[in-house]
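Visitor: Please give me a close look at a single part of this structure. I should like a connected account that a first-year student can follow with the picture at hand.

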Amino acid sequence: MNAVEARLDRLRGSAAPRAHNARTISALASNPGCARRAVMDAAGVDKQRVAAHVGHPAPFGQSQFAITRGNAFEAQVKAGGCAQLLRLLRERLRLPIPEVSYANLDDVAGDTSNKVRHARTRALLARAAASGQDAGTLFDHPLLRLRAGGRAVYLEPDLIAFQLRGRFHVVEIKSFAVIDGQADGGKVAAAVIQSAVYVLALRDLLAELGTGPEAVSDEVVLVCPKDFSNEPTAALLDVRKQLTVLRRQLARLDRIEDLLAQIPQAVTFDLEPDAAGVPRRDRRALELAIGAVPARYTPECLETCEMCRFCREEAAGSTAALGRATRDDLGGIDDIGTVLELARGSVPPADHQAEAAAAIRAAARMRGEILGATG
Amino acid sequence: MSVLTALARAQAWQAGRAQPVATVRHVHVAPRPFVFVPLALAGEACAPLAAMAGDDPADPRLLVVAQPRNRTQRFAFAAELGRELLRYIGGFPAGGAGEEGAGAAADRGTAGQGAGEGGEGERAVPPDAPQVWLPNRAGIGFTRLLGRSTRFRRAEGEHAVDPVVPVLGRWLTFLAERSEHPGSCLMLAATEALALHWATGQSPAEDLNLASLIGWIDPPAWTDGREAARAAEDPLAWPPAGPATDPGFDNEVLARLIAACDRAEAGGGEAARAKAALGEALAGQLEPAWRLTWRAIGLLRALPEGGHVAGRWEADRRAFGWHAAHLRDGGPPQPRRDSAVAAARRLDSMERAAASLAVQRALDDPLVMAEHRLAGEALAGRVTAAEPDRVITGPSGRRVLRPLVTVRTHDPVSVEPGTVLAPPGRPNQHARVESVAPLGARGAGMAGASGASGASGASGAGAGAAGETEVVLELSGGMGQRLTPAPGSVPGVGDWVCYATLRDEYQPPAGFPEPEQTPWTHGGPPRPYEPTDEDAREAWS
Amino acid sequence: MAQLAEELERRMEELRAEIRRAVIAGDRARASELRRRLRATDREWEEALARLAAPQAPGGPGPGAGPGPGADAGEPAGRRGGALLTVRERVHQALTLLGAPAAPRLIVAVYEAFYAGELPAARLTSLRRDEERSFRSAPHARPYYLCAALSADLLAPARGLLAVSTWPMERRVIGPLSPRVDYLTAAIGVAERLLATGQPPAAARRLLWRFAVNIPGAASGPAGLDPGQVAAAARAELAVHADADAAHRAAAARRALDQLDSAGQLFGGGGLRLLRGGAAR
């Protein structure tokens with residue numbers, strides 16, 4: 001692994017590696033076929049800064065109102081020894097009354113370093129897993145660790161509940177509302193896959209301690225505000241499918257050397273910052289370096305990946321840039337120019353394009369016939 | 001999506017300009033629509049922050065909530081919006097009011113569709129109805145939530161609100177629900193209405209941005225669609241059209257201004273200045289979307305209206321009349337959730353409306369029909385031979401007029417002999433497929449298409465003539481009472497014709513039990529929805 | 001002068017736009033430099049406004065009164081209600097009512113519900129540090145100190161909890177069951193205070209309701225909220241946890257009294273040292 005790590009360090013250059021978190025790990029699952037993203041993430045590259053330096057920053061950002069609201073809701077649910085959460089777990093999920101033990105793992109006697117927090121988390125969860133009864137129920141902000149792309153990533157779920165139906169459950173607290181039993185599908189999906197990352201990490205930790213994966217439920221508890229109030233409500237969500245997807249993605253990240261083997265040795269995403277931290281890398285050189293790692297752009301990237309605007313520019317003129325459905329409707333032909341030539345009948349289709357070409361020509365004929373012009 | 005639309009996107013990309021995917025307008029555009037552009041505070045379920053609303057493009061009403069987490073201010077916003085919207089809706093007489101049974105009819109109203117359905121209660125259809133536009137579908141989602149959070153409120157009691165608030169909630173709920181009904185135009189999202197008529201050179205996901213969509217459709221003179229669409233993605237130049245605000249605006253501008261309003265109120269004085277500054281900043285975020293929404297309306301209005309649009313609008317007017325009557329008769333607000341029977345009815349009616357809309361659009365619009373031609377469900381081509389006066393002896397022994405026409409088409413024909421087709425625009429005529437004969441390159445000369453070759457269009461595009469098909473059709477109906485066809489009812493040689501398997505037929509609703517007979521498997525008969533004290537008091541925080 | 005103010009306003013707009021672009025570009029250094037310039041411009045603008053206002057309305061808002069972006073409106077709010085009591089006295093009152101270590105948020109809620117005064121939450125953040133400083137400079141000079149609650153395992157200050165120094169050590173250490181036990185204890189304290197008050201304020205009933213919903217059998221609905229029932233339900237659940245919690249706390253309290261000096265017993269100490277020993281094993 002050392003050669004690979006050295007290679008990844010070289011790709012990243014002088015910057016400190018960006019730490020993964022549950023969100024970045026779950027984002028990996030959204031475009032598994034993209035080598036550019038896999039390599040840059042494995043190397044811990046600050047994609048936002050790289051994208052900005054080549055003139056295509058992604059317009060991502062979080063409103064402070066959303067952050068404040070999220071924090072306030074979590075604090076409220078956990079106040080008074082997790083009083084509201086306990087009620088939900090008791091009423092909705094039959095947590096026994098004596099199970100109220102609470103451990104705050106935000107810090108260890110004031111020490112907030114990852115290493116110390118993780119050691120403490122590990123010790124407490126190990127004790128709970130070994131002794132079952134009477135060894136803790138609510139673990140607030142435990143610090144887990146997961147290996148991703150050969151690197152240890154620290155992850156912090158909102159809470160882990162033990163002895164809920166005899167197993168560990170990941171509890172995720174989100175501040176989007178569930179209104180009349182319905183919540184925003186996209187937000188739920190994001191919460192589910194993030195929780196799946198935590199389940200994976202928790203299973204890893206317990207596996208190191210010799211405890212099987214069945215000790216961690218593949219159902220996670222999602223806590224959200226109900227209707228328009230601040231009252232919390234809880235739901236159990238099955239994350240088995242997401243676990244499978246994630247596991248495959250992580251395995252792929254672990255085989256990062258296969259991807260690295262296809263990239264010229266000289267490639268680096270180093271921004272060459274000066275003493276003041278201002279990037280001095282030649283822009284064109286950086287563009288070439290990025291271009292040396294193949295991407296698989298789809299418009300969905302615009303939601304999840306910091307490189308999206310660069311990749312979109314690069315993909316201009318491809319049918320993929322018009323969306324997956326458009327590309328499929330055009331028979332998977334990559335290039336818009338080719339599509340239009342086939343439409344005009346000015347080039348003969350390749351054998352594998354024959355069927356698609358016939359449909360495209362028919363469509364072009366009809367459009368021309370109706371609109372009185374040719375494409 | 002289809003090859004046609006996909007090709008239109010490819011063409012748009014190359015042309016640097018959106019390409020039409022419709023030749024007529026498939027939505028009703030009211031002469032005097034109402035535009036509503038809301039903004040919500042990030043992180044909250046439904047916290048109105050500001051809105052521009054009104055029916056005069058030159059004179060929007062700006063509504064601002066200085067402290068969006070403050071319940072009183074939220075309800076003040078709702079009341080102000082309610083007065084604005086009700087003033088507008090009040091301009092449309094709901095017609096035929098007050099007869100008995102209006103409440104019951106209105107219950108079916110959400111499920112009820114279309115002209116003439118059920119035939120019961122021939123109440124006068126209101127002559128016109130309100131039409132509310134939002135920039136995008138997310139705006140309609142916000143409208144629905146705003147409706148949900150206001151319709152159960154009460155004007156009296158412990159948590160009393162302005163009486164206009166619950167009425168607003170019920171109208172917003174009605175409009176937002178109706179907007180899910182295929183073909184309905186009481187509440188429209190500008191992005192969706194535009195995307196129904198134009199294909200851009202970008203992805204559908206990027207089309208959700210109204211500024212960039214319009215950039216493709218109608219770029220400024222000095223640039224093309226690609227550039228205009230890219231420029232429209234800069235949140236500083238083109239703030240998002242809501243309801244979500246740009247996080248950068250929240251963090252760098254909004255937070256400071258809201259804090260200033262809070263301080264001003266606590267400390268007294270300065271309040272007006274702080275509020276004005278907040279209003280100005282929010283107006284700056286809203287105004288582009290306000291103008292864009294009106295531009296979208298203008299772009300659509302310029303298209304000729306499709307033949308079935310008026311019929312669908314009549315269904316909308318009817319639904320509007322039902323809801324107005326329901327409100328007037330003191331009916332209860334829409335429940336939190338539909339009962340089992342109501343949900344099934346609603347789904348069934350939406351499915352039927354979707355099917356009917358698809359057919360109507362194809363019948364109204366050759367570009368939409370082309371999708372069906374590509375799929376082999378319709379064919380279009382030139383008449384190469386016609387026998388308009390053919391008379392045969394029918395099964396009952398009577399002599400009947402059954403003209404034959406021969407159509408030569410490039411379309412991929414998948415109909416088989418015996419299939420009955422119909423020509424768009426002649427709902428009473430049927431065309432039975434007699435024979436289908438693919439023509440090779442040799443066959444092209446056989447039918448002696450002297451009239452066809454001189455005409456424009458088709459023959460030029462299909463230069464090779466390979467892949468042509470000759471279809472013989474037997475016509476019946478829609479030709480008058482005599483044994484010779486009425487003039488113009490049978491196409492002549494050289495005419496361009498289209499025949500389709502599609503038919504806009506009235507489909508009766510599926511059979512559902514009356515609500516009081518709901519089986520226990522579906523929860524048994526629903527108790528009529530009685531808004532509770534708890535509903536009225538519900539926190540909105 | 002008005003022109004100057006307008007010019008400055010324009011400049012501020014520009015700076016804000018530049019900040020947003022820098023933030024989008026992930027350029028933190030530039031964003032903070034721009035923010036610094038924005039603050040400076042904002043100050044100039046305030047001064048320009050003050051000068052504008054000065055000739056017409058002497059004694060109008062001077063530069064100091066302007067709501068500058070950095071200025072915190074912390075001080076004035078606390079003076080209105082409960083003017084006779086200091087912040088520490090008010091906190092002491094609330095904690096005494098609750099009878100258990102509590103978080104600032106709950107302390108504020110209790111005070112404002114029962115004592116019809118204000119207790120600005122911002123003032124509580126530095127309270128524990130101030131108390132510690134006072135104790136260390138003159139130990140035991142005051143009848144009581146507002147101190148930390150100590151985590152039972154490491155005897156380090158438990159995050160975000162305040163306690164009263166005169167309470168027995170057992171009450172001031174926090175074992176794994178203690179958060180729940182203290183929550184129930186607080187519920188009982190609030191319920192009993194309500195029982196003892198003839199005309200309880202609405203805010204106090206709301207506070208009790210917030211406790212009641214989280215305790216099994218404590219309430220059926222906000223209308224039928226009965227403080228006696230809440231106290232009984234809380235006691236019933238308390239009985240489940242009490243023995244185990246008490247044993248835990250007693251053991252920890254003994255250790256605290258053995259191992260910590262008097263300041264450490266109040267404000268925590270030695271946690272890190274203990275931890276390093278523990279983590280190594």
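Guide: The part to study is the boundary between chain A and chain B, across which 10 salt bridges are found. The model is predicted, and every value that follows was computed from it. One of the salt bridges can serve as a starting point: Asp180(A) pairs with Arg336(B), and the closest N and O atoms of the two are 3.4 Å apart. Polar contacts have their own count, and between chain A and chain B there are 15 residue pairs of this kind, both residues having a pLDDT of 80 or more.

Which elements of chain A supply at least two residues each of the side that touches chain B? They are helix 5, helix 12 (308-315), helix 13 (324-329), helix 14 (336-344) and helix 15 (354-371). Helix 15 of chain A gives the largest share of that side, namely 11 residues. When you look at the picture, helix 15 of chain A is therefore a sensible place to begin, as 11 residues of the side that touches chain B come from it.

The extent of the contact can be stated in two ways. Counted in residues, the contact takes 48 from chain A and 58 from chain B. Counted in area, chain A and chain B bury about 4300 Å² between them, and 64% of this is on carbon and sulfur atoms. On the side of chain A, the residues that lose the most area to chain B are Phe65(A), Phe228(A) and Arg367(A), which together make up 20% of what that side buries. The boundary thus has two aspects to keep in mind: area buried on carbon and sulfur atoms, and salt bridges that cross from one chain to the other.

Helix 5 of chain A deserves a closer view. It spans residues 64-93 and contains Cys82(A). This cysteine has a positive phi of about 60 degrees, although it is not a glycine. Is Cys82(A) buried or exposed? The relative accessible area of Cys82(A) is 0%, so the residue is buried, the limit for that term being under 20%. A second residue of chain A invites a comparison. Glu272(A) also is not a glycine and has a positive phi, of about 50 degrees. Glu272(A) is placed in the loop between helix 9 (256-260) and helix 10 (283-291) of chain A. With a relative accessible area of 40%, Glu272(A) is partly exposed, whereas Cys82(A) is buried.

Chain A has a boundary with chain C as well, and helix 5 of chain A appears there too: seven residues, the largest share of the side of chain A that touches chain C, come from this helix. That contact takes 29 residues from chain A and 23 residues from chain C. Chain A and chain C bury about 2200 Å² between them, with 60% of it on carbon and sulfur atoms. Arg49(A), Val100(A) and Ala109(A) supply 20% of the area that chain A buries against chain C, more than any other three residues. Six salt bridges are found across this interface. In one of them, the side chains of Arg159(C) and Asp107(A) meet, at 3.7 Å from N to O. Seven residue pairs are in polar contact across the interface of chain A and chain C, both residues having a pLDDT of 80 or more.

The partner on the other boundary, chain B, has internal features that can be found in the picture. Six of its strands form an open, antiparallel sheet in the order 12-13-14-11-8-15. Strand 12 (420-421) and strand 15 (496-500) of chain B stand at the edges with a single partner strand each, so one side of each has no neighbour in the sheet. Within the sheet, strand 11 (residues 404-409) and strand 14 (residues 468-476) of chain B pair in the antiparallel sense over six bridges, and Val405(B) stands opposite Leu473(B) in strand 14 of chain B. Helix 14 (residues 366-374) of chain B lies across strand 8 (378-387) and strand 15 of chain B, and runs at about 85 degrees to strand 8 of chain B.

One further detail of chain B concerns its backbone. Gly242(B) and Pro243(B) are joined by a cis peptide bond, with omega at about -5 degrees. Pro243(B) belongs to the loop between helix 9 (225-231) and helix 10 (247-267) of chain B.

Terms used
Residues are numbered from 1 along each chain as its sequence is written. Chains are lettered from A and ligands numbered from 1 in the order in which they are written. This is a predicted model: local features need pLDDT of at least 70, side-chain atom pairs count only at pLDDT 80 or more; totals for chains, interfaces and linings use all residues. Side-chain values use heavy atoms; hydrogens and water are left out. Two strands pair if DSSP finds at least two bridges between them. Helices (H or I, at least four residues) and strands (E, at least two) are DSSP runs, numbered from the N terminus. Contact means heavy atoms within 4.5 Å. Axes are lines fitted to C-alpha atoms, for helices over the stretch in contact, and angles run from 0 to 180 degrees between N-to-C directions. Buried means under 20% relative accessible area, exposed over 50%, partly exposed in between (1.4 Å probe, protein chains only). Buried area is the accessible area (1.4 Å probe) that two parts lose on being put together, summed over both. A salt bridge is a side-chain nitrogen of Lys or Arg within 4 Å of a carboxyl oxygen of Asp or Glu. A polar contact is a pair of N or O atoms within 3.5 Å; within protein, one must be able to donate a hydrogen and the other to accept it, and residues adjacent in sequence count only if both atoms are side-chain atoms.
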